Amino acid sequence: MRMWMVDPFAMCNKHLLGEHVECHMFVGHLQRKRRITNYIRLNLLQPKSLRERHDQLALEMEKRGMLHKSPLPEFILSFLPEAHRIYTVNAEDSLIELSRRCSECRERLSVLSGGQEHPSSHKEE
Ligand SMILES: [Zn+2]
Ligand SMILES: [Zn+2]
């Protein structure tokens, strides 16, 4: 599970849908009052932004004509240690990792940043 915290517009459908589902999974995890130490250590979770991020992803899904019927349930963060509660994902590292893993996200990101790469060569359809 991971929150990429990259501009949703720049994400391919697979990663957009994946992060959306994972927001729901994180909420389930927090509802069971589980620890998030490893997620924080690995730069994967930004607890205080879960709801806002979920809603951004859901909005982008709807823009792409996908159905979204899953409002995020209530959850609390008060049981978490302060350092975890306020953790902020390093979005720059996250972006580098996402573009390393996924050629489609990489193309979208480079178009978005007016980058040098031409969005044609290795497209998987
Ligand atoms: Zn949802
Ligand atoms: Zn992708």
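**Exercise 1.** Find which residues of α5 and α6 meet, and work out how the two helices are oriented.

*Solution.* Start with the contact, meaning heavy atoms within 4.5 Å. From α5 come Leu-95, Leu-98, Ser-99, Arg-100 and Arg-101, and they meet Ser-103, Cys-105, Arg-106 and Leu-109 of α6. Sorted by type, this contact holds four nonpolar, two polar and three charged residues. Next, take the axes: those of α5 (residues 91-101) and α6 (residues 103-112) come within 5 Å and cross at roughly 125°. The two helices are therefore oblique to each other (angles under 35 degrees count as roughly parallel, over 145 as roughly antiparallel, 65 to 115 as roughly perpendicular and the rest as oblique).

A word on the model: it is predicted, local features need pLDDT of at least 70, side-chain atom pairs count only at pLDDT 80 or more, and totals for chains, interfaces and linings use all residues. Residues are numbered from 1 along each chain as its sequence is written, chains are lettered from A and ligands numbered from 1 in the order in which they are written, and side-chain values use heavy atoms, leaving out hydrogens and water.

**Exercise 2.** List the protein donors of the zinc ion (ligand 1) and place His-20 and His-24.

*Solution.* First, the donors (N, O and S atoms within 2.8 Å of the metal, or 3.2 Å for Na, K and Ca) are NE2 of His-20, His-24, His-54 and His-68, plus O and OG of Ser-70, lying 2.1 to 2.6 Å from the zinc ion. Then look at helix α1 (residues 13-31): His-20 and His-24 are four residues apart there, so about one helical turn separates them. Finally, check accessibility: His-20 is buried at 6%, while His-24 is partly exposed at 21% (buried means under 20% relative accessible area, exposed over 50%, partly exposed in between, with a 1.4 Å probe and protein chains only).

Key
Axes fitted to C-alpha atoms, helices over the stretch in contact; angles between N-to-C directions. Nonpolar A, V, L, I, M, F, W, Y, C, P; charged D, E, K, R; others polar.
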